[in-house]
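Please look over the sequence and the model below, with attention to the two ligands and the residues around them. The paragraphs that follow go through the ligands in turn and then turn to the backbone.

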Amino acid sequence: MATVHEMDHPLIKHKLALMRDKTTGVKEFREAAAEIAMLMCYEATRDLPLKEITIETPVAEARVQVISGKKIALVPILRAGLGMVEGILEMIPAAKVGHIGLYRNPETLQPIEYYCKLPNDIEDRDVLLLDPMLATGGSAIAAIDGLKRRGVKHIKLMNLIGAPEGVAAVQKAHPDVEIFVAGIDEKLNDHGYIVPGLGDAGDRIFGTK
Ligand code: PRP
Ligand code: URA
């Protein structure tokens, strides 16, 4: 079963509270999304391999540890996932960025891939898949299916808010994918919205409501 890492940090809880508040404006909402993503990056990259090198400090020679050239790709699910990219690039500036676009068939509610542009060497990269909301899990599962079809072997899913239903669905469909989520909420409502959640993440990030 995939491991679920729910963040437990005062800074993340505080910024998530700001995002949930319906009176928070676009600028603050967008900034909080980027900042939480940056903070979560700390946990999601905890297992990056290190190598030892020798450098000169102003005082002496020293053996130090640096990241051993692991290749990472960020893949936001369009469109709301874009709101997490900037914060993570602050921490991993050399990461390449791919994009996956999904929409839901209004009758079947099944997610349909309408866009996918990934780095050429995506099979050799570890992917951080980004989407603020994990509701039914349909979008995340379809995105992971798409990445695996294209040869990706290591995927971590990063969400700001997850519903228990979505977390369970991803765990069942993709037990190898670790989930990093800032907060897990109570439930989904009849319209597939997370309760209490924060509303429509894409609309709030881009001011389209
Ligand atoms: C939202 C969100 C996820 C999806 C989650 O996207 O950003 O991608 O819903 O729902 P699910 O877990 O039930 O699939 P939306 O379809 O609203 O598109 P948007 O990002 O363009 O606003
Ligand atoms: N997508 C959102 O943006 N919000 C939800 O609560 C559920 C899906």
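Helices and strands are named here from DSSP runs, with at least four residues for a helix and at least two for a strand, and they are numbered from the N terminus. By that naming, proline 196 belongs to the loop between β13 and α6 (201-206). The model is a predicted one.

Start with that stretch of chain. Strand β13 covers residues 194-195 and contains isoleucine 194. The peptide bond between valine 195 and proline 196 is cis, with omega at about -5°. Most peptide bonds are trans. A second cis peptide bond is found between leucine 78 and arginine 79, where omega is about 5°. Arginine 79 is in the loop that runs between β4 (72-78) and α3 (85-91).

Isoleucine 194 leads on to ligand 2. The residues surrounding this ligand are Met133, Ala135, Gly192, Tyr193, Ile194, Gly199, Asp200 and Ala201. Sorted by class, they comprise 5 nonpolar, 2 polar and 1 charged residues. Which parts of isoleucine 194, glycine 199 and alanine 201 come up against the ligand? For isoleucine 194, a backbone N or O atom is 2.8 Å from an oxygen atom of ligand 2. Glycine 199 also uses a backbone N or O atom, which lies 2.8 Å from a nitrogen atom of the ligand. In alanine 201, a polar backbone atom is 2.9 Å from an oxygen atom of ligand 2. On its own ligand 2 has 240 Å² of accessible area, and the protein covers 81% of it.

The UniProt record, in an unreviewed entry, gives the feature "binding site" at Ile194, Gly199, Asp200 and Ala201. Ile194, Gly199, Asp200 and Ala201 are included in the lining of the largest pocket. Ligand 2 takes up space in that largest pocket.

Ligand 1 also sits in the largest pocket. There are 14 residues around ligand 1, and those that come nearest are Arg104, Asp131, Thr136, Gly137 and Ser139. The shell has 5 nonpolar, 5 polar and 4 charged residues. Two elements, β9 (133-134) and α4 (138-149), each contribute at least two residues to this shell. Methionine 133, listed above around ligand 2, is part of strand β9.

How far are the side chains of aspartate 131 and serine 139 from oxygen atoms of ligand 1? An N or O atom in the side chain of aspartate 131 is 2.5 Å from an oxygen atom of ligand 1. For serine 139, an N or O atom of the side chain is likewise 2.5 Å from an oxygen atom of the ligand. Alanine 135 instead offers a polar backbone atom, 2.8 Å from an oxygen atom of ligand 1. Ligand 1 taken alone exposes 500 Å², of which the protein buries 80%.

For this region too, UniProt has a "binding site" feature from an unreviewed entry, listing Arg79, Arg104, Asp131, Pro132, Met133, Leu134, Ala135, Thr136, Gly137, Gly138, Ser139 and Asp200. Among these residues, the lining of the largest pocket includes Arg79, Arg104, Asp131, Met133, Leu134, Ala135, Thr136, Gly137, Gly138, Ser139 and Asp200. Arginine 79, from the cis peptide bond with leucine 78, is thus named in the record and found in the pocket lining.

Conventions: Residues numbered from 1 in each chain as written. Chains lettered and ligands numbered in written order. Predicted model: local features only at pLDDT ≥ 70, side-chain atom pairs only at ≥ 80, totals over all residues. Heavy atoms only, no water. Near = heavy atom within 4 Å. Polar contact = N/O pair within 3.5 Å; in protein donor to acceptor, adjacent residues only side chain to side chain. Areas by Shrake-Rupley, 256 points an atom, 1.4 Å probe, with all protein chains shown as cover. 1 Å grid on protein atoms, 1.4 Å probe; cavity = no way out; pocket = protein on both sides within 12 Å on 5 of 7 lines; lining within 4 Å. Sits in = over half its atoms within 2 Å of the grid points. Nonpolar A, V, L, I, M, F, W, Y, C, P; charged D, E, K, R; others polar. UniProt positions renumbered as here; feature names shortened; annotations may be inferred.
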